[in-house]
Amino acid sequence: MARKISYIFLCMNVIPLLAAAASQACSAQSDAKCSQTGEWNGEFFPGIPKIKYEGPYTKNKFAYKWYNAEEVILGKKMKDWLRFSVAFWHTFRGTGVDPFGAPTKFWPWEDGTNSIAMAKRRMRANFEFINKLGVDRWCFHDRDIAPEGKTLQETNSNLDEVVKLAKALQGNNIRPLWGTAQLFMHPRYMHGAATSSELGVYVYAAAQVKKAMEVTHYLGGENYVFWGGREGYQTLLNTDMEFELDHLAKFLEAAAAYKRKIGFTGTLLIEPKPQEPTKHQYDWDAATTTNFLRKYGLIGDFKLNIECNHATLSGDSCHHDVETARINGLLGNIDANSGDAQTGWDTDQFLTDTREATMIMLSVIKNVCD
């Protein structure tokens, strides 16, 4: 059974095949798929059926070999053990760029803008993709799914418009695994969000988290994630570490209070990462983040979202960080990816190490059964 569970992590290799098939559709410059109103006609992934389980010996490249969603293992269906979620950023907004090159990934329905109309088109593509994969969860950053406006009010209005469409497309069976606020890309966050030395940035970040949590709640999200992409430093010579950590704790404390105020019952998650883009980030790994939560009395309000590639960047194995979170009662979610041992950044590749996958699943089983 352990062998079978471990190979489940390989079943999602159908995703790049779907992407390749989509690239055969008309380009953004073609009128074949685009109506006069600018809407995309027909399917985004034409000719691709809903992916089904056909067993390990199937020759069908658009079928699951190991992932049988309805199969019961240790009293739970496989789909409940492995809650696969389509990440909107990685799937629809990632461009394939690296620090030395230009974008290499282009979806045929993109028109080169970041308009509301384009955001809605991407959202329709997202749900077609989800339905064809046969999964029932997705996850997002606020700025991935809707464009930033000239003011916070306009930005929130843009988000509301796209989220309204997402709510309709979800139906009754699909919901976010998590939502989050993108507090790292805009220049205002160059020195952090909750740890910024600028009061205006701190306040803006708080307002952005408030709105992102509201829409996650509205969409029925199971969790809300905090990823401190720039909550750290480049040098201690101009950093008051204690001051910044105190501010970060107050920020998270306020978020937990707002969660209770709006009746959001999802779990608040912190996603550890050691560096990139900053040299040192305060949520370095599972142990560091656990100690931070314990010091500031936040253990009861937060759990951890362990991303495997982040664990290896910190010098740990993914299994180590998962187990560290588990034994502290803080294992909330796993981003089951991997990196390249020879590459010094977060590459977000599929987890293909069957030994590591098996060990991770052992911790997941223990987490449920303990």
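In this predicted model, N126 sits in helix α5, which spans residues 116-133. With a relative accessible area of 0%, N126 is buried, and, once its neighbours within four places in sequence are set aside, the residues in contact with N126 are V86, F88, F92 and W138.

The same helix, α5, also holds E128 and K132, which are four residues apart and therefore separated by about one helical turn. The side chains of these two residues meet in a salt bridge, with a distance of 3.4 Å from N to O. Because buried means under 20% relative accessible area, E128 at 15% counts as buried, and K132 at 9% is buried as well.

Side chains of opposite charge can pair when their charged atoms come close. A search of the whole structure finds 18 salt bridges, and one of them joins E70 to K77, whose closest N and O atoms are 2.7 Å apart. Here E70 is partly exposed, with a relative accessible area of 41%, and K77, at 31%, counts as partly exposed too.

Another pair consists of R188 and E148, with the closest N and O atoms 2.8 Å apart. R188 lies in the loop between β7 (175-180) and α8 (199-218), while E148 lies in the loop between α6 (142-145) and α7 (152-170), so this salt bridge ties together parts that are 40 residues apart in sequence. R188 is partly exposed, at a relative accessible area of 22%, and E148, at 28%, likewise counts as partly exposed.

Beyond these pairs, salt bridges also link R83, D136, R137, R175 and E222 in a network.

Notes: Residues numbered from 1 in each chain as written. Predicted model: local features only at pLDDT ≥ 70, side-chain atom pairs only at ≥ 80, totals over all residues. Heavy atoms only, no water. Helix = DSSP H or I, 4+ residues; strand = E, 2+ residues; numbered from the N terminus. Buried < 20%, exposed > 50% of the residue type's maximum accessible area, 1.4 Å probe, protein only. Contact = heavy atoms within 4.5 Å. Salt bridge = Lys/Arg side-chain N within 4 Å of Asp/Glu carboxyl O.
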